[in-house]
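Open the model in your viewer and keep the sequence panel in sight. We'll go stop by stop, with something to select at each one.

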Amino acid sequence: MKTCTKCIIPESVKGAEISEGLCTFCKTDQRHRQKSAMGKEALYRELKQPASAKYDCLVPISGGKDSSYVLYYLAKVLGLRVLAFFFDNGFICSFARENVQNMCGSMGVDLVIERATAYRLKQTQHALHAAKHLGRFVKVCGTCSNNLRTHSILAAKRQGIKHIVWGASDFEDSSTDYLRNEKLKQGNRDTWGTPGSERRKVWRALKLLFSGSPVGKLRAFYHGLYYMYYTVRDNLASGCMEGIRNYNPFLEVPFVGKGVQVHYFFDYIPYNPVQQVAELIKETGWRHPESREMRMDCMLHAFINYQHLCDNGITHDGFILAGLVRYGLMDRQTALVREAAAREGLAEECERIALELGVISLFRNWSTNKVVPPGQKCQPLL
Ligand SMILES: [Zn+2]
């Protein structure tokens with residue numbers, strides 16, 4: 001199989017053609033090149049509150065590298081009064097949990113912890129059951145982004161905090177998001193929560209339901225209905241401020257119109273994960289599992305990686321690494337090593353997590369509609 005000689009994208013990635021050694025992304029991607037960071041003075045000016053305020057801003061932290069860096073930078077480098085906010089979705093890895101506790105403890109940052117409702121586990125279990133019958137993982141991340149947005153906004157309002165600093169970067173889009181947004185000439189954040197994005201989700205769900213075997217479809221539909229039921233229950237129980245839209249299981253909670261200002265950290269400070277991780281480790285004792293610095297905060301990420309690998313011949317992490325290589329933020333060899341580490345035992349990891357979550361023998365019933373690219377090690381465990 002051909003692989004791009006500049007980044008690490010193989011030709012099996014949807015929408016990536018390789019010619020003269022270069023993939024479509026390396027030839028056309030201009031998004032990150034056009035952006036220039038606004039700088040730390042601008043960030044400080046935006047966030048700094050009068051002395052009478054208890055906090056300057058709220059930082060949602062997952063224990064992963066990006067949000068941890070945001071917390072460290074604002075609290076230590078800029079010396080702002082930060083309130084850290086940790087949302088425990090029930091699937092957080094032990095490394096991430098310890099990072100949150102240790103960092104807040106050592107830097108003397110106040111920490112608020114909020115837990116997911118009991119519906120979140122039910123929702124994920126049904127998503128995994130549906131995956132068995134569909135032959136692919138869909139919606140395993142559930143309403144996590146919605147939960148995180150809702151609870152961050154509510155926590156900020158309760159504490160009278162005007163600014164939330166968000167640590168997500170555009171580098172983390174999946175290949176599907178990437179291609180769609182390239183076409184729309186917009187980033188993910190601009191389309192988040194718009195009626196258009198919700199319509200697309202309904203459309204994708206319908207398309208999925210009308211592919212595969214009839215018996216499998218019926219079973220998946222049964223679990224899909226439960227999934228939607230628990231999603232709505234979760235919206236209502238977590239205090240989601242979306243009114244009638246709470247009853248829409250395809251809901252995405254946008255930031256606009258919530259009375260809190262949200263800043264994207266990496267609009268101000270250039271994204272440089274390799275250097276930033278090194279700084280984090282040195283300055284705060286932040287830790288990660290070996291060769292796995294990315295998305296190590298949530299165990300459900302294994303399913304996303306696995307599905308991305310089956311669909312595209314590269315994991316979701318690998319797709320992000322390719323972007324870093326393209327922009328000179330990581331060397332190609334390191335990215336290849338990391339991608340190999342992400343693949344290593346991935347199917348077994350998915351099976352183990354599913355068992356832990358009470359969903360038995362995930363891969364055993366998988367039907368023939370599973371997409372396995374040639375030469376990939378992601379065969380079902382029989
Ligand atoms: Zn490339």
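## The whole chain

Start with everything shown as a cartoon: the protein has 16 helices and 7 strands. These are DSSP runs, with helices (H or I) of at least four residues and strands (E) of at least two, numbered from the N terminus. This is a predicted model, where local features need pLDDT of at least 70 and side-chain atom pairs count only at pLDDT 80 or more, while totals for chains, interfaces and linings use all residues. Residues are numbered from 1 along each chain as its sequence is written.

Colour by burial next. Of the 382 residues in the protein, 41% are buried. A residue is buried if 20 or more other C-beta atoms lie within 10 Å of its own, exposed if 12 or fewer, and partly exposed in between, with C-beta atoms placed from the backbone.

Now for contacts: two residues are in contact if their C-beta atoms, placed from the backbone, lie within 7 Å. Among contacts between residues at least 6 apart in sequence, 73% join residues at least 24 apart.

## Into the core

Select Cys57, Val59, Leu71 and Val82. Of the 84 residues in the largest nonpolar core, these four touch the most other members. Such a core is a set of buried Ala, Val, Leu, Ile, Met, Phe, Trp, Tyr and Cys residues joined through C-beta atoms within 7 Å. Helix H4 (residues 65-77) gives the most to this core, with 7 residues.

Which residues does Val82 touch, not counting those up to four places away in sequence? Light up Tyr55, Asp56, Cys57, Val59, Leu71, Leu74, Ala75 and Val109 and you have the set.

## Along H4

Stay on H4 and select 65-77. This helix is largely enclosed by the rest of the structure, because 11 of its 13 residues are buried. The buried stretch includes Lys65 and Asp66 as well as Val70, Leu71 and Leu74. To see what covers the buried residues, show strand S3 (57-60), strand S4 (82-88), helix H5 (94-107), strand S6 (163-166) and H12, which are among the elements doing that job. Just after H4, click on Gly79, where phi is positive, near 65°.

Now bring up helix H12 (residues 273-284) beside H4. Their axes come within 10 Å and cross at roughly 60°; axes are lines fitted to C-alpha atoms, for helices over the stretch in contact, and angles run from 0 to 180 degrees between N-to-C directions. That makes the pair oblique, on a scale where angles under 35 degrees count as roughly parallel, over 145 as roughly antiparallel, 65 to 115 as roughly perpendicular and the rest as oblique. For side chains, show Lys65, Ser68, Tyr69, Tyr72 and Lys76 of H4 against Pro273, Gln276, Val277, Leu280, Glu283 and Thr284 of H12. By class, this contact has 5 nonpolar, 3 polar and 3 charged residues (Ala, Val, Leu, Ile, Met, Phe, Trp, Tyr, Cys and Pro count as nonpolar, Asp, Glu, Lys and Arg as charged, and the others, Gly among them, as polar).

## Over to H14

Jump to helix H14 (residues 316-326). Here 11 of the 11 residues are buried, so H14 is largely enclosed by the rest of the structure. Among those buried are His316, Asp317 and Arg326, along with Phe319, Ile320 and Leu321. H14 is followed by Gly328, with a positive phi near 70°.

Add helix H15 (residues 332-343): H14 and H15 pack at an angle of about 175°, with their axes 9 Å apart. That makes the two roughly antiparallel. H14 brings Asp317, Gly318, Leu321, Ala322, Leu324 and Val325 to the contact, and H15 brings Arg332, Ala335, Arg338, Glu339 and Ala342. Sorted by class, that is 6 nonpolar, 1 polar and 4 charged residues.

## Three loop stops

Most residues other than glycine have a negative phi. Glu20, in the loop between strand S1 (18-19) and strand S2 (22-23), has a positive phi of about 50°. Lys139 has one of about 60° and is found in the loop between helix H6 (119-134) and helix H7 (144-158).

Are these two buried or exposed? Glu20 counts as exposed, with 6 C-beta neighbours inside 10 Å, whereas Lys139 is buried, with 24.

Finish at Leu251, in the loop between helix H11 (214-237) and strand S7 (261-264). Leu251 is partly exposed, with 19 other C-beta atoms within 10 Å. Draw a distance from Leu251 to Glu198: they are 53 residues apart in sequence and 6.5 Å apart in space, C-alpha to C-alpha.
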